[in-house]
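Reader: Let's go through this one together, shall we? Show me the structure and I'll start asking.

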Amino acid sequence: MKIDANPLLFTQKQTIVIDGDSHSDRKLSPALDRSAYLRLNNWDVSWADRFEEWIFCNRPDLALTIRCAAVGGSTVGMMLARYEERVKPLKPDWVIVSAGNNDIEHDDAEAFAKNLNEYCK
């Protein structure tokens, strides 16, 4: 079944950068990437990988550039700290953020909201 992709807001030749934590950046150590159990459960593939595959297969006419700046274990504060180095140089038209999974261990809700608002400026 083909999905109607007309609602996409992306236009041709835009750059999309994905930032976040290990849910966006699923790079495993060499020891873990050989685990059949993890591969069978798609642990070696992130939603960002699937997003890029979907765009490539369903909307190749857009010729989008998709880059992943995510780093496993990141909080929004860490993402904010590395923005200038890892995201801004890619000159994105869009930044897709998947965040909050690690913040609960490191920050309270107020700090999370403050950092996320600052990142989105």
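Reader: Which residue of β3 stands opposite Val17?

Author: Strands here are DSSP E runs of at least two residues, and helices are H or I runs of at least four, numbered from the N terminus. β1 and β3 pair in the parallel sense over five bridges, where pairing takes at least two DSSP bridges. Opposite Val17 stands a residue of β3, Val95.

Reader: How far can I trust that, and which strands stand at the edges?

Author: It's a predicted model, so local features need pLDDT of at least 70 and side-chain atom pairs 80 or more, while totals for chains, interfaces and linings use all residues. Numbering runs from 1 along each chain as its sequence is written, and side-chain values use heavy atoms, leaving out hydrogens and water. The three-stranded open sheet has the order β2-β1-β3, with parallel pairing. One side of each edge strand has no neighbour in the sheet, because each has a single partner strand: these are β2 and β3.

Reader: Is Asp21 buried or exposed?

Author: Asp21 is in the loop between β1 (15-20) and α1 (36-40). Buried means under 20% relative accessible area, exposed over 50%, partly exposed in between, with a 1.4 Å probe and protein chains only. At 1% relative accessibility, Asp21 is therefore buried.

Reader: And which side chain does Asp21 join in a polar contact of 2.8 Å?

Author: A polar contact is an N or O pair within 3.5 Å; within protein, one atom must be able to donate a hydrogen and the other to accept it, and sequence-adjacent residues count only if both atoms are side-chain atoms. The 2.8 Å partner of the Asp21 side chain is that of Asn101.
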